[in-house]
Every structure is written in structure tokens, then in C-alpha cells.
Amino acid sequence: VVTGSSDKTVRLHPIEGSLLRKSVGHTEAVNWVGISLEKQWIGSVGNDGLLRIWNFQSELICEINEDPASCALFAGDHVVVGSGSIRVWDIPTGGQGVANLEGHTGAITTLYCNSNNSRDYIASGSKDKTIRLWEQYKQVTVVKTRSPPLSVCLDAVNSSILAALTTGQVQTWSFSGDSLREVAPTTVSGPCTCLFATFSK
């Protein structure tokens with residue numbers, strides 16, 4: 001288990017037991033932590049604008065100056081970071097820039113990656129009240145949401161996108177090629193706001 005905190009640290013824990021490792025280096029709160037799918041790397045981004053990638057021996061692989069970011073994800077050998085824009089960095093080369101995904105006009109609030117037939121798809125949500133679908137880092141389509149999305153989930157195999165919105169609604173779309181068709185939205189009732197939504201298996 002990897003955790004990031006407002007105390008500027010990233011900590012690695014076993015499921016049960018005491019702390020394994022603690023990483024320092026951020027100068028402000030940590031907003032995102034993640035583990036690569038192959039469990040090669042641990043990553044973090046924070047309010048200080050730093051993207052830090054290291055291995056499980058706590059050896060720093062690369063440190064990249066970014067804008068303060070709230071979300072990121074691993075995609076193979078790359079890490080994708082959402083701030084005011086979406087940038088893609090290559091990890092084995094020490095953080096060489098790969099792509100800049102342009103189109104959103106507001107801060108990026110959420111990112112999600114899924115693969116189908118060895119092709120990577122990324123869904124991004126923004127305060128500009130849009131969700132954009134990218135294939136191999138090229139935009140496929142864009143859809144407007146009723147309010148800014150808090151989280152987005154992508155099922156590339158079944159060609160579906162799901163988003164939890166600030167209004168408490170959950171919007172769903174099915175896509176084919178560059179076209180999206182909305183499924184009737186769901187309103188989540190209760191005293192709490194829906195912060196995250198995902199597909200069941």
C-alpha cells in the first residue's frame with residue numbers, strides 16, 4: 001500500500017505490519033501516488049509541482065518539474081500528469097517529454113487509462129466540464145458533462161465511459177470510433193456527494 005499525505009511524505013506499507021519505507025523530497029502536500037502495473041515504480045505528484053518516480057528500493061529514478069498537479073497515472077513506461085494541461089513523460093529515459101495532450105481549457109481533475117488489443121486509451125476530465133477520450137495520445141472525441149467531473153472510469157473493452165460529477169450525478173456514455181452516445185444519467189441520493197464511480201466486473 002502506498003500513501004501520500006499533507007505532511008509532504010510518501011509511505012510504503014505492507015497490507016499488514018509496520019512501515020516499510022518513507023520517501024521525502026516534496027516540499028508541499030502530496031496529491032497523488034501510484035504504483036505502475038508491473039510494480040516497477042512508485043510515483044507521486046504534489047502542490048510543489050514535482051513529479052517524482054522511484055523504485056521499490058527507494059532509489060529515485062527521475063524528478064520532473066511540473067505545474068502543481070492533482071492527478072496522474074502510469075501507462076506502460078510512461079507517466080501521464082494532469083495539471084493545467086496533460087503531459088506525458090518517459091520513465092526509462094529519466095523523464096523525457098513524450099506528448100502534450102491539448103484541448104482542455106480548465107484544470108484537469110481526473111485521469112483514467114485502460115487498454116484493449118494492446119492499444120492504450122486515456123479518459124480525462126476537466127473543470128471545463130468536458131471529458132476527452134485519447135487513443136495512443138491522440139484525441140478521439142470529446143463530450144460535455146453537466147458539471148465538472150470528479151472522477152472518470154474507462155472500459156475500453158466494452159467501449160464505455162463513466163463519470164461522477166460535482167452535482168452528485170453519474171453520467172455514462174458508450175463510444176464507437178469517434179462518436180459517443182449518452183446513457184440516461186443517474187442521480188446518487190443521500191447526504192454525501194458521489195466522489196468516485198467505477199464499472200463492476
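A residue counts as buried when its relative accessible area is under 20%, as exposed when that area is over 50%, and as partly exposed in between. Keep that scale in mind for this predicted model. Arg11, with a relative accessible area of 26%, is partly exposed. Its salt-bridge partner is Asp7, and the N to O distance between the two side chains is 3.4 Å. Asp7 is partly exposed too, because its relative accessibility is 38%.

**Salt bridges**

Altogether the structure holds four salt bridges. Here are three of them, including the Asp7 and Arg11 pair:

| Acidic residue | Basic residue | N to O distance |
|---|---|---|
| Asp7 | Arg11 | 3.4 Å |
| Glu66 | Arg87 | 3.0 Å |
| Asp67 | Arg87 | 3.6 Å |

Let's take the Glu66 and Arg87 pair, whose side chains meet at 3.0 Å, N to O. This pair links distant parts of the chain: Glu66 sits in the loop between strand 7 (60-65) and strand 8 (71-75), while Arg87 belongs to strand 10 (residues 86-90), 21 residues apart. Is Glu66 buried or exposed? Glu66 comes out at 10% relative accessibility, so it counts as buried. Arg87, at 25%, is partly exposed.

Arg87 also forms a salt bridge with Asp67, with the closest N and O atoms 3.6 Å apart. Since Arg87 lies in strand 10 and Asp67 in the loop between strand 7 and strand 8, this pair ties together parts that are 20 residues apart in sequence. Asp67 has a relative accessible area of 37%, so it is partly exposed. Through shared partners, the salt bridges join Glu66, Asp67 and Arg87 into one network.

**Strand 17 and its partners**

Now for strand 17 (residues 160-165), which is mostly covered, with six of its six residues buried. Which residues point which way from strand 17? Ser160, Leu162 and Ala164 go one way, Ile161, Ala163 and Leu165 go the other, and all are buried.

Strand 17 pairs with strand 16 (residues 149-155) in the antiparallel sense, over six bridges. In that pairing, Leu165 of strand 17 has Pro149 opposite. The hairpin of strand 16 and strand 17 has four residues between the strands, and there Ser159 takes a positive phi near 55°.

Strand 17 also pairs with strand 18 (residues 169-176), again in the antiparallel sense, this time over five bridges. Ala164 has Val170 in strand 18 as its bridge partner. Between strand 17 and strand 18 the hairpin has three residues, and Gly168 takes a positive phi near 90° in this hairpin.

Definitions and conventions:
Residues numbered from 1 in each chain as written. Predicted model: local features only at pLDDT ≥ 70, side-chain atom pairs only at ≥ 80, totals over all residues. Heavy atoms only, no water. Buried < 20%, exposed > 50% of the residue type's maximum accessible area, 1.4 Å probe, protein only. Helix = DSSP H or I, 4+ residues; strand = E, 2+ residues; numbered from the N terminus. Pairing = 2+ DSSP bridges.
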